[in-house]
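Me: I would like to go through the ligand sites and the empty spaces of this model, term by term. For each label, tell me what it rests on.

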Amino acid sequence: MTDNLMAFLNEKKLTIDTQLTKAIEKLHAPDELKEAMNYSISAGGKRLRPILLLSTIEALGEEESLGMGTAIALEMIHTYSLIHDDLPAMDNDDLRRGRPTNHKVFGEAAAILAGDALLTYAFECLVSNSEKLSDTLKLKLTRKLAHAAGPEGMVGGQQEDLSAEGRELSIDQLKHIHDLKTGRLLTFAIESGALIGGANDEQLKGLRRFSKHLGLAFQIRDDILDIEGNEEDIGKPVGSDEANNKSTYPKLLSLQGAKDTLHDHIDQALVVLESLDLKSSRLEQLTHYILDRKQ
Ligand code: IPE
Ligand code: IPE
Ligand code: MG
Ligand code: MG
Ligand code: MG
């Protein structure tokens, strides 16, 4: 990673972290609940989804801060999905973002509620922290975020991922699961950025295609890191997929096959990006980052 990209990521992360912490601090809610919410939110994470969202707005020449309410909402929903994903009834993992998982510290009931709270509060944050957006746009973003996160999106993908444990899947079935469980929230990051940034129809279509490849690439890299990653870098256990008998790209295609497919998606994402008339190269840099991220 170049120094320039690292500095950019760190700076953006700091801004997003501050907004997230502020949003939780001001809640009038039971202390135990706030503590459990804050534990997972403040544990860090790359904040890639909000960063992609803000970078898409920037690439269209608009003011990034217009997307902050949506960016925070998206990260809250992502964090809730991780808390629930780690539960014993799901992937049963003990480490997340370099810390013991939420249920290990607060117990399962509190972890479930912290997830519920982040999911619902996200929508409140989107609507109340987007003063400069029109009501029509807020409504559209709300509907799209609910769709991306819900039964036809991330949650649907999580269900299919669980149902597929121990089963042999075709590559198309696996691609579909990856698209739902991970792709949809990443696609929302780009699409909402495009809508807030005022993309024209051609840019919107192109950015959607770009985001599809990016979402798949992101989860393939995650599957690869589950095998050859370093626990300290990824902040979660290595070998979780194998232990849960998950279908993954490396399992279906071999490690090399998964790496080749990852490269294909990154190449296709870059081709689409090049064809668009964008005002910044941030999205291109972030695409390269997703190809060889270690975290
Ligand atoms: C992990 O997402 C879960 C997947 C969808 C692969 P991230 O790798 O973005 O996790 P954080 O937010 O940085 O912890
Ligand atoms: C999870 O995929 C995607 C989510 C919707 C949370 P994984 O189960 O592979 O994510 P990690 O590896 O635990 O972060
Ligand atoms: Mg999982
Ligand atoms: Mg998991
Ligand atoms: Mg994983």
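Me: What makes the pair formed by Lys236 and ligand 2 a polar contact?
Reply: In this predicted model, an N or O atom in the side chain of Lys236 is 2.6 Å from an oxygen atom of ligand 2. A polar contact is a pair of N or O atoms within 3.5 Å, so the pair with Lys236 counts as one.

Me: How do you know that Arg96 and Asp222 also make polar contacts with ligand 2?
Reply: By the cut-off of 3.5 Å. A polar side-chain atom of Arg96 is 2.7 Å from an oxygen atom of ligand 2, and for a side-chain N or O atom of Asp222 the distance to a ligand 2 oxygen is 3.1 Å. Both values lie within 3.5 Å, therefore both pairs are polar contacts. As for cover, ligand 2 taken alone exposes 390 Å², and the protein buries 92% of that.

Me: Which residues surround ligand 2, and what makes a residue part of that group?
Reply: Each has a heavy atom within 4 Å of the ligand. The group consists of Ser81, Leu82, Asp85, Asp91, Arg96, Met154, Gln158, Lys181, Thr182, Gln219, Asp222 and Lys236. By class, the shell has two nonpolar, four polar and six charged residues.

Me: Which helices supply at least two residues each to the shell around ligand 2?
Reply: They are H4 (68–85), H8 (154–163), H9 (171–196) and H10 (201–228). The largest share, three residues, comes from H4.

Me: Why are Lys46, Arg49 and Arg97 called polar contacts of ligand 1?
Reply: Each has a polar side-chain atom paired with an oxygen atom of ligand 1, at 2.6 Å for Lys46, 2.7 Å for Arg49 and 2.8 Å for Arg97. The limit is 3.5 Å, so these three pairs qualify. Ligand 1 on its own has 390 Å² of accessible area, of which the protein covers 89%.

Me: What residues lie around ligand 1?
Reply: Gly45, Lys46, Arg49, His78, Leu82, Arg97, Thr182, Phe218, Gln219, Asp222, Lys236 and Arg293. They divide into two nonpolar, four polar and six charged. H4 and H10 each supply at least two residues of this shell, and the largest share, three residues, is from H10.

Me: Why is ligand 2 said to sit in the largest pocket?
Reply: The label requires more than half of a molecule's atoms to lie within 2 Å of the pocket's grid points. Ligand 2 is assigned to the largest pocket, so that condition is met. The space taken by ligand 1 is the largest pocket too.

Me: How much space is in the largest pocket, and which residues are closest to its centre?
Reply: About 1000 Å³ of space lies in it. It is lined by 48 residues, and Lys46, Leu82, Arg96, Asp222 and Lys236 are the closest to its centre. The lining has 14 nonpolar, 13 polar and 21 charged residues. H10 gives the largest share of the lining, six residues; among the other helices that supply at least two are H1 (3–25), H3 (48–59) and H12 (240–243).

Me: What makes a space a cavity, and how many are there of 30 Å³ or more?
Reply: In a cavity a 1.4 Å probe fits but cannot get out, whereas a pocket is open. The count comes to one cavity of 30 Å³ or more. The largest cavity has a volume of about 90 Å³. Of its 13 lining residues, Ser40, Ile83, Arg96, Thr101 and Asn102 lie nearest its centre. H4 gives the most to this lining, with three residues. By class, the lining has five nonpolar, four polar and four charged residues.

Me: What lines the second largest pocket?
Reply: Met1, Thr2, Leu5, Gln285, His288, Tyr289, Asp292, Arg293, Lys294 and Gln295. A lining residue has an atom within 4 Å of a grid point, so each of these residues meets that limit. The space amounts to about 250 Å³. Helix H14 (residues 282–292) provides the largest share of the lining, four residues.

Note on methods:
Residues are numbered from 1 along each chain as its sequence is written. Chains are lettered from A and ligands numbered from 1 in the order in which they are written. This is a predicted model: local features need pLDDT of at least 70, side-chain atom pairs count only at pLDDT 80 or more; totals for chains, interfaces and linings use all residues. Side-chain values use heavy atoms; hydrogens and water are left out. A polar contact is a pair of N or O atoms within 3.5 Å; within protein, one must be able to donate a hydrogen and the other to accept it, and residues adjacent in sequence count only if both atoms are side-chain atoms. Accessible areas come from the Shrake-Rupley method with a 1.4 Å probe; for residues, only the protein chains shown count as cover. On a 1 Å grid over the protein atoms alone, a cavity is a set of points where a 1.4 Å probe fits but cannot get out, and a pocket is an open set with protein on both sides within 12 Å along at least five of seven lines; lining residues have an atom within 4 Å of a point. Ala, Val, Leu, Ile, Met, Phe, Trp, Tyr, Cys and Pro count as nonpolar, Asp, Glu, Lys and Arg as charged, and the others, Gly among them, as polar. Grid points are joined across faces, edges and corners, and a volume is the space filled by probe spheres set on the points.
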